[in-house]
Amino acid sequence: MLIRETLSDEELAAQASQWRSKALQGDLKARGIAHELEREMRRRTGVPFTNYDTLDLRPLEKRTLAARRWWRLWRSNR
């Protein structure tokens, strides 16, 4: 029996979140661990877990500014 199978759902979610955060900060080994924990969460719940909003760690202002700048460039080329 693997250790991740003995964790409660809450513990599993907390660890998956911590490891995913480390992976997004550049820790290459953390990516695989986060993937395994998230896979176990999906196996338990039977639904997809990925929340794509959490993958972009930039502040909301920077995400919306980039989108607006692109649109302005597109409009100025008409």
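This passage describes helix 3 of a predicted model, together with its ends and its part in a nonpolar core.

Confidence in the prediction varies along the chain. The mean pLDDT is 77, and 64% of the residues reach 70 or more. Among the elements of the chain, the highest mean pLDDT, 92, belongs to helix 2 (residues 9-24), whereas helix 4 (residues 60-76) has the lowest, 61.

Helix 3 spans residues 28-45 and thus comprises 18 residues. The distance from its first C-alpha to its last is 27 Å, close to the 26 Å expected at 1.5 Å a residue. Both ends of helix 3 show local features. At the N-terminal end, D27 acts as a cap, with a side-chain oxygen placed 3.1 Å from the backbone nitrogen of K29. After the helix comes G46, for which phi is positive, near 80 degrees.

The residues of helix 3 also differ in their exposure. A30, A34, L37, E38, E40 and M41 are buried. Viewed down the axis of helix 3, the buried residues fall within an arc of 150 degrees, and they therefore line one face of the helix. On the other side of helix 3, exposed residues are found, namely L28, K29, R31 and R43.

Two of the buried residues of helix 3, L37 and M41, also belong to the largest nonpolar core of the model. This core has 5 residues in all, and its remaining members are L7, L12 and A16. Helix 2 and helix 3 are the elements that give two or more residues to this core.

Methods
Residues numbered from 1 in each chain as written. Heavy atoms only, no water. Helix = DSSP H or I, 4+ residues; strand = E, 2+ residues; numbered from the N terminus. Expected span 1.5 Å × (residues − 1). Buried < 20%, exposed > 50% of the residue type's maximum accessible area, 1.4 Å probe, protein only. Arc of directions from axis to C-beta. Polar contact = N/O pair within 3.5 Å; in protein donor to acceptor, adjacent residues only side chain to side chain. pLDDT = per-residue confidence, 0-100. Core = buried A, V, L, I, M, F, W, Y, C linked by side-chain atoms within 4.5 Å.
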